[in-house]
Amino acid sequence: MKGFIALFQRDLRLAWRRPGDVAVVLAFFVVATTLFPLSIGPEANVLARIAAGVLWCAALFASLLSLDRLFASDHEDGSLDLLLLAPWPLELAALAKCAAHWIVSGLPLAVLAPLLGAAFGLDARSLLALAATLAVGTPTLSLIGGLAASLTLGARKSGALLALLALPFCIPTLIFGASAIETTVSGEGFATHLAILAALALVSLATLPWAMAVALRQAGE
Amino acid sequence: MVTGLLDVTELACRRGGRRVFDRLSFSLGAGELLALTGRNGSGKTTLLRALALLAPIDSGAIHWQGSDVAMDRERWRGQLAWLGHLDGLKGDLTVRENLLLAQRLRGGHGDGVAATLATFDLVALAARPVRTLSAGQRRRSALARVAASAASVWLLDEPLNALDMPGQAALRAALAGHLASGGSAIAATHAPLDMAGGRTLELGA
């Protein structure tokens with residue numbers, strides 16, 4: 001557990017030393033979402049209707065943006081060997097790295113999304129639903145992306161390959177995340193959707209670190 | 001059968017379908033240093049990675065204190081300090097942070113970091129980010145990471161790479177101290193280490 005905390009803190013500290021990396025992810029999120037009103041037109045009812053889908057898709061792309069460096073930087077400077085040789089499970093190391101990735105990408109996206117949602121004309125309850133579903137849904141995206149990152153480790157053009165691998169598996173999270181806001185608009189609550197997103201996150205949490213560890217050991221050979 | 005602390009019996013490794021080495025046996029006791037020599041591509045790095053269980057073993061066995069290391073990987077890993085051809089340091093962290101972090105990743109507390117910084121003449125560099133250091137200074141930092149680890153077996157891949165004369169002297173001093181306190185080391189190297197009591201294993205001979 002001590003190793004887990006050490007690695008988690010290390011990745012947060014590295015992110016803190018390079019605030020630009022986080023800023024790029026958030027800036028991409030803002031720019032990508034603002035493209036839609038510009039291309040579709042400023043009709044308030046249309047924008048409010050597509051807001052949930054647009055924001056969720058943009059959040060998905062933004063969180064994948066930073067994932068190709070998740071294990072690649074450790075692979076390049078030899079730190080991955082030290083993680084492989086650490087006297088505690090590699091599954092925990094993979095989990096620690098995904099957790100740190102979520103703190104510096106998923107969580108800021110969930111905080112930022114309501115501001116953009118307000119610009120799309122979403123009401124207060126929908127904004128709450130947006131923030132809540134992103135907060136619960138983005139850990140799944142970090143874990144799925146982490147698996148894709150570990151599988152594409154060492155491949156050329158790993159970024160594009162990573163997105164291609166990860167995106168299909170993010171579809172369930174995307175569907176339940178985006179439709180939660182629609183059900184909120186139509187007056188039903190979003191508790192069911194939130195529960196399903198939490199279930200997806202827990203299933204990912206319970207299975208994907210093992211798959212990542214296997215992929216990382218392969219990459220280490 | 002010879003029984004040292006570490007016994008390697010009939011080890012064979014393949015890489016990309018090619019046999020790198022075959023039926024390799026040796027043993028290593030407390031306070032012993034084994035230098036791996038041999039031409040480029042003779043399998044020095046592969047042997048070190050196989051010993052650390054980073055590379056798959058084709059056949060043969062590695063025993064530590066009489067028990068097969070493949071049976072209890074984490075216990076074996078706890079005995080190891082690793083210096084690969086990459087330094088394993090984070091460029092954005094300072095030298096001291098890197099050393100403390102490496103200790104904590106192994107479950108340690110960071111004891112001995114200050115002393116090893118002094119051994120490798122890194123005190124003046126300790127607060128500098130590693131990315132601002134030269135190749136030799138990085139190598140010294142990586143060696144300091146190994147020396148601070150308190151592991152019983154050091155696996156070193158070309159430890160003399162990029163080191164200047166004082167750096168090499170610091171490495172010899174650290175190795176001598178490690179061996180004197182009952183530790184052992186295996187080092188793949190081209191240049192002779194010039195250490196008393198060192199044995200040599202030539203690969204690909």
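**Exercise 1. Find what covers the buried residues of H1(B) in this predicted model, and decide how enclosed the helix is.**

*Solution.* Start with the cover: strands S1 (6-15), S2 (18-28), S3 (33-37), S4 (59-64), S7 (153-157) and S8 (184-188) of chain B are among the elements lying over the buried residues of H1(B). Next, list what they cover: B:Lys44, B:Thr45, B:Leu47, B:Leu48, B:Arg49, B:Ala50 and B:Leu51. Burial here requires 20 or more other C-beta atoms within 10 Å of the residue's own. Seven of the eight residues in H1 (residues 44-51) of chain B are buried, so the helix is largely enclosed by the rest of the structure. Finally, look just past the helix: B:Leu53 follows H1(B) and has a positive phi, near 65 degrees.

**Exercise 2. Trace the pairing of S4(B) with S1(B) and with S5(B).**

*Solution.* Take S1(B) to begin with: S1(B) and S4(B) are antiparallel and share five bridges. Within this pairing, B:Ala12 faces B:Ser59 of S4(B). Now turn to S5 (residues 67-68) of chain B, which is joined to S4(B) by two bridges, again in the antiparallel sense. There, B:His63 has B:Asp68 as its bridge partner. The link between S4(B) and S5(B) is a hairpin with two residues between the strands, and B:Gln65 in the turn has a positive phi of about 50 degrees.

**Exercise 3. Work out whether S7(B) is covered or open, and which strands it pairs with.**

*Solution.* Count the burial: five of the five residues of S7(B) are buried. In a regular strand, side chains alternate between the two faces of the sheet, so it helps to split the residues by side. B:Val153, B:Leu155 and B:Asp157 are buried on one side, and B:Trp154 and B:Leu156 on the other, which covers both faces of S7(B). For the pairing, S6(B) runs parallel to S7(B) over four bridges, with B:Leu83 bridging to B:Leu156. S8(B) also pairs with S7(B) in the parallel sense, over five bridges, and B:Leu155 stands opposite B:Ile186 there.

**Exercise 4. Describe how H7(A) and H8(A) pack, and what surrounds H4(A).**

*Solution.* Read the geometry of H7 (residues 124-151) and H8 (residues 158-185) of chain A: their axes are 9 Å apart, at an angle of about 170 degrees. Angles over 145 degrees count as roughly antiparallel, and H7(A) and H8(A) are therefore roughly antiparallel to each other. Their contact is made of 16 nonpolar, eight polar and one charged residue. Then move to H4 (residues 69-77) of chain A, where A:Leu70, A:Phe71, A:Ala72, A:Asp74 and A:His75 are buried. Their cover includes H5 (79-85), H6 (90-119), H7, H8 and H9 (191-220) of chain A. Just after H4(A), A:Gly78 has a positive phi of about 85 degrees.

**Exercise 5. Characterise the side of chain B that touches chain A, and check the confidence scores.**

*Solution.* Count the residues: 23 of chain B contact 20 of chain A. H2 (73-79), S6 (80-83) and H3 (95-105) of chain B each give at least two residues to this side, and H3(B) has the largest share, with four. By type, the side of chain B divides into 11 nonpolar, five polar and seven charged residues. As for confidence, the model has ipTM 0.88 and pTM 0.90. Mean pLDDT is 88 for chain B, with 97% of its residues at 70 or more, and 91 for chain A, with 100% scoring at least 70. Among the elements of chain A, H6(A) has the highest mean (94) and H8(A) the lowest (89).

Note on methods:
Residues are numbered from 1 along each chain as its sequence is written. Chains are lettered from A and ligands numbered from 1 in the order in which they are written. This is a predicted model: local features need pLDDT of at least 70, side-chain atom pairs count only at pLDDT 80 or more; totals for chains, interfaces and linings use all residues. Axes are lines fitted to C-alpha atoms, for helices over the stretch in contact, and angles run from 0 to 180 degrees between N-to-C directions. Angles under 35 degrees count as roughly parallel, over 145 as roughly antiparallel, 65 to 115 as roughly perpendicular and the rest as oblique. Ala, Val, Leu, Ile, Met, Phe, Trp, Tyr, Cys and Pro count as nonpolar, Asp, Glu, Lys and Arg as charged, and the others, Gly among them, as polar. A residue is buried if 20 or more other C-beta atoms lie within 10 Å of its own, exposed if 12 or fewer, and partly exposed in between; C-beta atoms are placed from the backbone. Two residues are in contact if their C-beta atoms, placed from the backbone, lie within 7 Å. Two strands pair if DSSP finds at least two bridges between them. pLDDT is the predictor's confidence in each residue, from 0 to 100.
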